Amino acid sequence: MSKIHAAITAVHGYAPEYVLTNHELETMVDTNDEWITSRTGIKERRILKGEGLATSDLAVPAVEELLRKRGIGAEEIELIIFCTTTPDMPFPATANILADKIGAKNAWGYDLQAACSGFIYGLSTGASFIESGKHKKVLVVGGDKMSAIINYEDRATCIIFGDGCGAVLLEPNTEGYGVIDSILKSDGAGRSYLHQKAGGSLKPASHETVDAKEHFAYQEGQAVFKFAVTNMADVAAEVMEKNNLVSEDIAWLVPHQANKRIIDATANRTGVPAEKVVVNIERYGNTTNGTIPLCLWEWESKFKKGDNIILAAFGGGFTWGSVYLKWAY
């Protein structure tokens with residue numbers, strides 16, 4: 001019997017209409033376009049505006065269009081893994097809310113929280129359900145409404161993050177296409193450098209935590225940058241070496257869009273030339289779980305069946321990892 005791989009059979013993304021430019025940020029915090037661009041590569045990011053809108057509302061249009069492209073109904077989805085750092089609520093899972101909104105009545109689901117590495121964690125996890133034969137149609141969603149946890153008076157974070165969502169459908173493949181391998185890592189010692197101080201069981205919400213602005217993302221940029229540059233680049237190279245791949249074998253490198261300098265370091269470490277590196281950070285900023293699926297969506301028309309693609313990410317926690325997949329269509 002041929003080995004079953006989990007192939008991506010459809011992908012789609014969604015970014016909100018409102019564009020927050022560097023020039024607009026200049027009116028909000030002490031920064032400027034040249035400083036932001038030179039240090040991050042970001043020119044603008046999208047923000048979900050409107051009362052009562054949450055992360056699930058970013059996912060609905062992405063998933064509905066994915067289903068339309070694949071020609072299937074939501075009731076055919078068996079499992080939804082929603083990778084997010086900004087769930088609609090602490091509970092129930094945003095995966096369950098999404099299932100209700102799209103009519104995926106036969107799906108069970110859960111949220112996966114691994115900060116910016118969440119989507120590749122979710123992709124690897126979803127692939128396991130396909131490979132085992134347990135499920136035939138698994139939806140992996142990566143999306144965040146980062147504007148909900150960003151302090152727009154903190155220039156260390158507000159210049160970086162944006163809102164967006166992408167989704168992929170995983171189905172069984174016996175031709176050798178799909179998720180081939182992954183290396184996933186974490187180190188909880190890094191938690192002090194990138195986290196949200198309050199809102200969890202350690203420090204429940206109170207007047208004091210709100211007044212101290214502890215429900216926003218906190219980041220020590222230099223420490224995170226140093227860890228990310230090394231680890232994201234190393235793990236991408238590691239998954240290539242493990243599978244006897246050299247740079248010439250790689251059709252596309254799809255790195256997490258956190259910072260252009262981290263993207264460049266990963267490309268240099270793997271030897272993949274700039275024209276094969278998928279980059280859209282200048283238009284979306286860091287959408288956390290949304291970056292990699294948004295890249296897959298935007299580059300979908302350029303991918304060819306059989307292309308070797310390397311995904312790599314690094315996130316708070318610390319979490320990091322890399323996935324090697326063969327494009328299936």
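## A first look around Phe314

Leaving aside its neighbours within four places in sequence, Phe314 is in contact with Cys116, Ser117, Val224, Phe227, Ala228, Asn231, Met232, His256, Thr319 and Trp320. Keep in mind as you explore that this is a predicted model.

Where does Phe314 sit in the wider picture? The largest nonpolar core has 39 residues, and Phe314 joins Val277 and Ile310 as the members that touch the most others. Four elements each give two or more residues to this core: α8, α9, β12 and β13. Seven residues come from α8, the largest share. Domain 1 (5-175) and domain 2 (180-327) both contribute residues, so the core lies between them. In soluble globular proteins, nonpolar side chains tend to be buried together. Apart from this core lies another, of 36 residues, including Ile4, Ala127, Trp252 and Leu296.

Here are the elements that give two or more residues to the largest core:

| Element | Residues |
|---|---|
| α8 | 221-242 |
| α9 | 260-270 |
| β12 | 308-315 |
| β13 | 319-326 |

Two of these elements also pack against each other. The axes of α8 and α9 are 8 Å apart, at an angle of about 30°, and their crossing is right-handed. On the α8 side, the contact includes Phe225, Ala228, Val229 and Met232; on the α9 side, Arg261, Ile262 and Ala265 are among the residues taking part. Ala228 and Met232 of α8 are also in contact with Phe314.

Finally, a look at the record: an unreviewed UniProt entry lists residues 110-188 as "domain: Beta-ketoacyl-[acyl-carrier-protein] synthase III N-terminal". Over residues 110-188, the chain is 23% helix and 39% strand, with the end C-alpha atoms 22 Å apart.

Technical notes
Residues numbered from 1 in each chain as written. Predicted model: local features only at pLDDT ≥ 70, side-chain atom pairs only at ≥ 80, totals over all residues. Heavy atoms only, no water. UniProt positions renumbered as here; feature names shortened; annotations may be inferred. Core = buried A, V, L, I, M, F, W, Y, C linked by side-chain atoms within 4.5 Å. Buried < 20%, exposed > 50% of the residue type's maximum accessible area, 1.4 Å probe, protein only. Domains from an automatic or database assignment. Contact = heavy atoms within 4.5 Å. Axes fitted to C-alpha atoms, helices over the stretch in contact; angles between N-to-C directions. Left-handed = near helix turned anticlockwise from the far one by under 90°.
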